[in-house]
Amino acid sequence: MNRITVRATDGTERTYTLHGGNLAIGRDPASGICLQDSQVSWQHAVLSEAGGVCVIEDLGSSNGTFVGTERINRQVLNPGEIVRIGPFEIALQMRAMPSPTSASEHTMFDAAIAQAAAPFQRRPSEQTASQKTLTPEQPLRRWLRLTPLSESYGTANLRQEAIAGLTVAALVVPQGMAYALLAGLPPVMGLYASILPMIVYALAGSGRQTSVGPVTVDSLMLVLGLSTLATAGSGAFIALAVLLTAMIGAIQLAMGALRLGFLVNFLSYPVLAGFTSAAAVITVLGQLKHVLGVSQVQHAELYRSVADVLAHAGQTNPITVVIAIGCAIALWAVKRWAPTAPGALALVIFCTVLAYALGLDARGVSVLGPVDGGWPHLSVPSLHWADIRQLTPLALTMALVGFAQTISVGKSLGNRFGYDIDANRELTALGLSNLTSSMSQGYAVSGSLARSALNAAAGARTQVAAIVSAVCVGITTLFFTPLFHYLPQATLAAILIVSSLRLIDTREIRYLFKVKITEGILLVFTFIATLALGIMPGLLLGIVASILLFITLNTRPNTAILGRLPNTNIFRNVQHFQEAETIPGLVILRIDASLYFANTVFLKEKVHEICRQHAATLKALILDASAVNDLDSSADTALHQLSAEFKQKGIEFYIAGVKAPVRDVMKRSGLYAVLGSDHFFFTIDAAVKRFQDKTRQRQ
């Protein structure tokens with residue numbers, strides 16, 4: 001068992017025994033290690049042990065947990081490292097030192113770490129009855145640890161979480177209504193989609209700061225996908241939206257049960273970035289009618305919608321334009337200088353009061369009008385086979401896109417705060433959230449990057465903040481929706497425009513072109529295809545282009561001719577290392593890919609090209625197979641053919657760095673026996689020496 005020693009500033013020490021599991025640290029008297037000091041939070045940190053590894057994790061404390069001089073969120077604790085919490089020092093003492101005669105690696109490791117912890121060990125005479133053993137957990141705590149919320153159990157600083165929840169709710173309310181209008185739905189559906197679904201995800205998801213709810217891309221895909229089946233805003237349209245949300249949830253739930261989280265890999269980052277950037281542009285252009293205050297005929301093609309707005313530009317309402325531009329500037333300023341301030345909500349309140357006081361609706365300014373409220377009526381959506389068949393392609397696409405958005409948000413925040421995201425669990429949580437949204441008269445939900453980032457910046461460290469946000473939205477829906485009657489639609493348009501423009505990350509676009517131009521081109525292709533052809537065709541074309549690019553790169557993998565660096569046994573690409581020396585009569589070829597049916601022709605062409613270039617001098621070829629992770633029957637047949645050609649021409653064929661699974665294939669196919677075991681080497685250097693020895697023997 002491992003022991004934890006706590007030293008106070010007065011020099012007194014206490015020792016605790018860690019039996020595996022968790023040991024809570026804080027001012028809470030129920031904590032395993034109770035530290036009574038104002039610098040220590042009520043629930044400050046937790047020590048956990050599994051598989052002999054001890055980890056300390058800060059639980060969102062006010063004053064932080066430090067290892068050495070560095071403030072940490074979560075870190076493996078090594079013997080000899082001092083953890084500082086307020087005025088206290090904590091150190092890990094590993095198991096007792098083993099006998100010096102022990103020869104196993106495990107016991108040698110224990111001996112080393114016990115020695116490293118020696119400076120913090122107490123003399124035997126100093127050991128007192130202050131040792132404390134972690135007691136069995138109470139039944140309630142044990143049950144809580146079985147729930148998905150267990151990963152952040154006991155970590156919530158309620159004041160901090162409440163502030164974060166209120167901050168996000170102040171953004172969710174106006175955004176929810178704006179996104180619902182974008183989707184062609186009543187504003188209250190955006191609020192309904194931000195209550196129960198948010199709570200369900202908080203209880204089931206693995207993203208601690210992820211905020212789910214309506215987002216731009218889902219709203220845009222929904223309105224464009226359903227507009228061909230029903231008129232936006234009509235009863236039939238709303239019914240289809242609710243059914244579509246249920247189908248999305250069912251698909252995601254099924255994918256989670258089947259552990260199909262890997263499918264998100266088919267949505268490569270360049271495709272997703274190009275798609276979301278195009279969706280942002282489409283959203284911005286779609287809000288022109290609200291910014292100008294003109295009527296617009298709905299068209300399936302983007303350019304026709306924009307042309308229709310411009311054709312009615314002479315009917316522009318100046319007051320509406322001023323409101324829209326002023327709101328956009330205000331939102332940008334708040335985001336820049338006070339990112340955690342409730343700018344959107346403050347703007348909604350101000351513009352609503354202004355519109356009511358000045359009677360702007362009588363001056364041609366479009367206002368929201370009556371907004372339904374009350375608690376959502378829970379019901380199962382109507383199921384009709386004809387509708388399900390029509391909606392299936394859209395549901396599959398939105399399920400995958402929504403999951404990709406959510407997992408990218410979760411991973412981004414998880415990397416920042418030191419926890420892992422479970423893709424399959426995210427699928428299950430998102431599926432349950434969408435099913436709940438459908439049954440509570442909401443619509444499709446996904447993880448929102450903007451709201452999640454705001455949640456984290458406001459201090460959220462657990463899912464408790466999301467529950468607070470949902471409760472606040474629920475209270476708003478119950479009591480305050482009538483107050484939004486005079487809210488100018490130009491204000492919601494400004495909120496949509498500003499939030500959509502943030503989806504276009506120009507730094508990432510420049511980064512892609514700088515790092516790998518092919519991925520930058522893929523992003524631009526998806527962007528243009530989505531703008532020109534629409535949301536669904538653009539995304540599908542982007543995915544197809546991504547797969548074709550992957551296939552192309554794998555059918556023509558990178559190859560390199562290697563040379564030896566002077567006075568070393570290191571071999572590098574002669575094109576990148578001019579000092580690398582080639583060996584007369586010998587060519588060393590490296591293939592940077594697994595060998596399979598798609599690249600066997602390329603492999604043979606490359607080898608034949610080498611033979612033609614060195615026809616007069618080539619005596620041996622070494623194939624560096626260190627990067628070959630797999631070999632299929634087609635590639636093995638190609639190697640058989642090359643071996644026969646080399647033997648006919650009197651050229652030695654050596655293979656170096658073969659991995660065990662590849663070697664097993666070669667043995668089963670007979671290639672290993674055909675070439676002979678003396679033609680296989682662990683290193684290139686050994687193969688070169690064999691070639692040089694044979695050359696000297698011939699001379």
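**Questions on the cores, the cavity and selected residues**

Colleague: Which residues touch the most other members of the largest nonpolar core?

Modeller: The model is a predicted one. Its largest nonpolar core holds 104 residues. The members that touch the most others are Leu185, Leu222, Leu226, Leu244, Leu267, Met398 and Tyr443.

Colleague: Which helix gives the most to this core?

Modeller: The contribution in question amounts to 13 residues. It comes from a helix that spans residues 385-417. The helix is α13.

Colleague: Which residues does Leu267 touch, not counting residues up to four places away in sequence?

Modeller: Leu267 is among the members of the largest core that touch the most others. With residues up to four places away in sequence not counted, the partners of Leu267 are Leu400, Val401, Ala404, Leu539 and Ile543.

Colleague: How many residues does the second, separate core have?

Modeller: Apart from the largest core there is a second, separate one. Its members include Val607, Ile655, Leu671 and Phe680. The size of this second core is 28 residues.

Colleague: Is Leu642 buried or exposed?

Modeller: Leu642 is placed in helix α22, which covers residues 633-649. A residue counts as buried when its relative accessible area is under 20%. Because the relative accessibility of Leu642 is 2%, the residue counts as buried.

Colleague: What distance separates the C-alpha atoms of Leu642 and Leu603?

Modeller: Leaving aside neighbours within four places in sequence, Leu642 is in contact with Leu603, Lys604, Val607 and His608. One of these, Val607, also belongs to the second core. Along the chain, Leu642 and Leu603 are 39 residues apart, and their C-alpha atoms are separated by 9.8 Å.

Colleague: Which strand gives the most to the lining of the largest cavity?

Modeller: The count comes to 1 cavity of 30 Å³ or more, and the largest cavity holds about 30 Å³ of space. Its lining consists of Leu562, Gly563, Arg564, Phe571, Glu581, Thr582, Ile583, Leu586 and Ile588. At least two lining residues come from each of β15 (559-564) and β17 (586-591). The strand that gives the most, with 3 residues, is β15.

Colleague: How many residues of the lining of the largest cavity are nonpolar?

Modeller: The lining of the largest cavity divides into three classes of residue. Polar residues number 2 and charged residues number 2. The nonpolar residues number 5.

Colleague: Why does Ser277 count as buried?

Modeller: Ser277 lies in helix α8, residues 269-286. Not counting residues up to four places away in sequence, Ser277 touches Leu503, Ile504 and Phe527. The limit for a buried residue is under 20% relative accessible area. Ser277 is therefore buried, since its relative accessible area is 5%.

Colleague: Where is Arg259, which has a positive phi although it is not a glycine?

Modeller: The phi of Arg259 is about 55°. Arg259 is exposed, with a relative accessible area of 56%. Its place is the loop between α7 (235-257) and α8.

Colleague: What is the relative accessibility of Gln441?

Modeller: Gln441 also has a positive phi, about 65°, although it is not a glycine. This residue is in the loop between α14 (423-439) and β14 (446-448). Gln441 counts as partly exposed, and its relative accessibility is 24%.

Colleague: How far apart in space are Arg363 and Asn317, C-alpha to C-alpha?

Modeller: Arg363 is found in the loop between α12 (343-358) and α13. Leaving aside neighbours within four places in sequence, its contacts are Asn317, Ile319 and Leu358. Arg363 and Asn317 are 46 residues apart in sequence, and the C-alpha to C-alpha distance is 8.7 Å.

Colleague: What percentage of the residues in the protein is buried?

Modeller: The protein has 25 helices and 20 strands. Its accessible surface comes to about 32,600 Å², and 61% of that belongs to carbon and sulfur atoms. Of the 699 residues in the protein, the buried share is 49%.

Notes. Residues are numbered from 1 along each chain as its sequence is written. This is a predicted model: local features need pLDDT of at least 70, side-chain atom pairs count only at pLDDT 80 or more; totals for chains, interfaces and linings use all residues. Side-chain values use heavy atoms; hydrogens and water are left out. A nonpolar core is a set of buried Ala, Val, Leu, Ile, Met, Phe, Trp, Tyr and Cys residues joined through side-chain atoms within 4.5 Å. Buried means under 20% relative accessible area, exposed over 50%, partly exposed in between (1.4 Å probe, protein chains only). Helices (H or I, at least four residues) and strands (E, at least two) are DSSP runs, numbered from the N terminus. Contact means heavy atoms within 4.5 Å. On a 1 Å grid over the protein atoms alone, a cavity is a set of points where a 1.4 Å probe fits but cannot get out, and a pocket is an open set with protein on both sides within 12 Å along at least five of seven lines; lining residues have an atom within 4 Å of a point. Grid points are joined across faces, edges and corners, and a volume is the space filled by probe spheres set on the points. Ala, Val, Leu, Ile, Met, Phe, Trp, Tyr, Cys and Pro count as nonpolar, Asp, Glu, Lys and Arg as charged, and the others, Gly among them, as polar. Accessible areas come from the Shrake-Rupley method with a 1.4 Å probe; for residues, only the protein chains shown count as cover.
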